[in-house]
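Welcome! Here are a few short exercises, each with a worked solution. Have a look at the sequence and the structure first, then work along.

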Amino acid sequence: MATLAFETVFRGTPPARDSAYLLDQSVGFVKDHWLGYLPDRACWPSELDDRTTVDRRVLFAIGERADDELGAVHTLVATQVWAVGTKRRNAAKLGSVFDANPGTVGANLAHAVRTARADGAVAGYATLARRGDHALARLGAADGGRVLHFGAYDPVAGGPLILDQHVTVGVNALRGSNWSPDGPWSTEQYGDYLRYAREWAERWAPGTATDLVERTLAAAGQALGRA
């Protein structure tokens, strides 16, 4: 298993949160790849209508309304587009979530976002976990976590962070752990990850936003995956 030193991953002064490194991180997409897999045209967020790229700024704007059923659906769709880009086959995976949970996707995600905002990130994550009271069939842990992040994260207070295969590889390399990059990750693991992120943020520089840590972990994990 690859290992990385803290100073190798978190080098120098942290970039500004309002920078190209974080909030302008974008991917391209093809709208027509997705529309056929949505149960209704209304599920497509209007913010993506006249765009061919999507970045974190747009996702946070959409996520502001993720406590509402339709807003939560928009956040799921937009974060999926951002996560996979131009890969058509992944649109079918999103369609399978709607097919497996008719009429409940928006309600369950909105409930999880409201829970995360009110009771904390771990509580929100727990509602969507495999045995959670608002779990959704075929929704991956990383997919639900992205909705929570863009729907409930606060740059000052913190909140839910993205935990996906790349972040997991980065965490494993720093800690010598053996979490499965494919997930699912337990609620306990998610809570541990958030704690590590807070500790690493303060070690990097006091006051560093934890989503900068997530972004940097993902980049490190992705680089290791390509090695």
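**Exercise 1: Valine 169**

Valine 169 has its place in helix H9 (residues 165-175), where helices are DSSP runs of H or I with at least four residues, strands are runs of E with at least two, and both are numbered from the N terminus. The model is predicted, with local features needing pLDDT of at least 70, side-chain atom pairs counting only at pLDDT 80 or more, and totals for chains, interfaces and linings using all residues. Residues are numbered from 1 along each chain as its sequence is written, and side-chain values use heavy atoms, leaving out hydrogens and water.

Task: Find out which residues valine 169 touches, not counting residues up to four places away in sequence.

Solution:
- Step 1. Start with the accessible area: valine 169 has a relative value of 24%, so this residue is partly exposed (buried is under 20%, exposed over 50%, partly exposed in between, with a 1.4 Å probe and protein chains only).
- Step 2. Now list the contacts (heavy atoms within 4.5 Å): Pro181, Gly221 and Leu224.
- Step 3. Add a distance: alanine 223 is 54 residues from valine 169 in sequence, and their C-alpha atoms are 9.6 Å apart in space.

**Exercise 2: Two helices that cross**

Task: Work out how H6 is oriented relative to H8.

Solution:
- Step 1. Helix H6 (residues 105-119) and helix H8 (residues 141-152) have axes that come within 9 Å and cross at roughly 50°. Axes are lines fitted to C-alpha atoms, for helices over the stretch in contact, and angles run from 0 to 180 degrees between N-to-C directions.
- Step 2. H6 is therefore oblique to H8 (under 35 degrees counts as roughly parallel, over 145 as roughly antiparallel, 65 to 115 as roughly perpendicular, the rest as oblique).
- Step 3. On the H6 side, Leu109, Ala112, Val113, Ala116 and Arg117 make the contact, and on the H8 side Val147, Leu148, Gly151 and Ala152.

**Exercise 3: Another helix pair**

Task: Work out how H7 is oriented relative to H10.

Solution:
- Step 1. Helix H7 (residues 121-128) packs with helix H10 (residues 187-204) at an angle of about 150°, their axes 10 Å apart.
- Step 2. H7 is therefore roughly antiparallel to H10.
- Step 3. Ala121, Val122, Tyr125 and Ala126 in H7 meet Thr187, Tyr190, Gly191 and Leu194 in H10.

**Exercise 4: Tyrosine 193**

Task: Name the residues that tyrosine 193 touches, not counting residues up to four places away in sequence.

Solution: Tyrosine 193 touches Leu161, Ile162, Leu163, Val167, Val171, Trp179, Glu214 and Leu217.
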